[in-house]
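Trainee: I should like to examine how the descriptive terms applied to this model are justified. May we proceed term by term?

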Amino acid sequence: MQNPCQSCGACCALYKVVVLTSETNDQAGGIVPEDLTVPSGRKKRLMKGTETFSKRCAALDGTVGAKVACRVYAQRPSSCRNFPASWEIRRGSNPLCDRARAIYGMLPFESY
Ligand code: SF4
Ligand code: SF4
């Protein structure tokens with residue numbers, strides 16, 4: 001079964017995506033491509049593109065609500081890894097997932 005996030009991507013094109021400075025690949029043990037991030041304060045960075053008003057992560061390929069892919073999926077920051085989709089939670093939901101989908105005109109997964 002295809003991961004439903006692959007036909008969504010709304011959260012990647014709505015929210016600021018925080019990256020800890022220690023997570024970028026210019027640091028020992030870091031994996032997130034540093035050149036895909038921008039500084040945001042002393043200890044944090046943001047995924048490039050999410051610092052702007054019309055946020056869209058620079059690593060997001062495709063069309064939101066149709067077909068998307070994360071170009072750095074294996075190297076994505078912890079804030080992405082720790083952001084559950086509502087379909088993953090089953091009971092209860094992630095309101096931020098539901099909100100992102102609603103803004104892009106998609107139903108929350110709990111309504112399926
Ligand atoms: S790094 Fe990947 S999963 Fe995280 S916001 Fe960007 S496109 Fe989405
Ligand atoms: S908004 Fe929810 S369903 Fe859509 S990509 Fe993000 S986590 Fe997945």
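Mentor: We begin with contact, which means heavy atoms within 4.5 Å. The model is a predicted one. Among what covers the buried residues of H3 is helix H2 (86-89).

Trainee: Which residues of helix H3 are buried?

Mentor: Helix H3 spans residues 95-103, and its buried residues are Cys97, Asp98, Ala100 and Arg101.

Trainee: What puts these buried residues on the same side of H3?

Mentor: The arc they cover around the axis is only 165°, and therefore they lie on the same side of H3.

Trainee: Why is Ser86 called buried?

Mentor: The term requires a relative accessible area under 20%. Ser86 has 4%, so Ser86 is buried. Its place is in helix H2.

Trainee: What makes the pairing of the Ser86 and Asp98 side chains a polar contact?

Mentor: The cut-off for a pair of N or O atoms is 3.5 Å, and one atom must be able to donate a hydrogen and the other to accept it. The distance between the side chains of Ser86 and Asp98 is 2.7 Å, so the pair qualifies as a polar contact. With neighbours within four places in sequence left aside, Ser86 is in contact with Ser93, Asn94, Cys97, Asp98 and Phe109.

Trainee: What is found at the start of H3, and what just after H3?

Mentor: At the start of H3, a side-chain oxygen of Asn94 comes to within 2.9 Å of the backbone nitrogen of Leu96. Just after H3, Gly105 adopts a positive phi of about 80°.

Trainee: What volume does the largest pocket have, and which residues are the closest to its centre?

Mentor: Its volume is about 810 Å³. The lining comprises 34 residues, of which Cys5, Cys11, Cys12, Arg76 and Cys80 are the closest to the centre. Strand S5 (67-70), helix H1 (78-81), H2 and H3 are the elements that give two or more residues to this lining. By class, the lining has 25 nonpolar, 4 polar and 5 charged residues.

Trainee: Why is Cys12 called partly exposed?

Mentor: Partly exposed lies between the limits of 20% and 50% relative accessible area. The value for Cys12 is 26%, so Cys12 counts as partly exposed. Cys12 belongs to the segment before strand S1 (18-20).

Trainee: How far is Cys12 from Val68 in sequence and in space?

Mentor: Cys12 and Val68 are 56 residues apart in sequence, and their C-alpha atoms are 9.8 Å apart in space. Neighbours within four places in sequence aside, Cys12 is in contact with Arg56, Cys57 and Leu60.

Methods:
Residues are numbered from 1 along each chain as its sequence is written. Chains are lettered from A and ligands numbered from 1 in the order in which they are written. This is a predicted model: local features need pLDDT of at least 70, side-chain atom pairs count only at pLDDT 80 or more; totals for chains, interfaces and linings use all residues. Side-chain values use heavy atoms; hydrogens and water are left out. Buried means under 20% relative accessible area, exposed over 50%, partly exposed in between (1.4 Å probe, protein chains only). Helices (H or I, at least four residues) and strands (E, at least two) are DSSP runs, numbered from the N terminus. The arc is that of the directions from the helix axis to the C-beta atoms. On a 1 Å grid over the protein atoms alone, a cavity is a set of points where a 1.4 Å probe fits but cannot get out, and a pocket is an open set with protein on both sides within 12 Å along at least five of seven lines; lining residues have an atom within 4 Å of a point. Grid points are joined across faces, edges and corners, and a volume is the space filled by probe spheres set on the points. Ala, Val, Leu, Ile, Met, Phe, Trp, Tyr, Cys and Pro count as nonpolar, Asp, Glu, Lys and Arg as charged, and the others, Gly among them, as polar.
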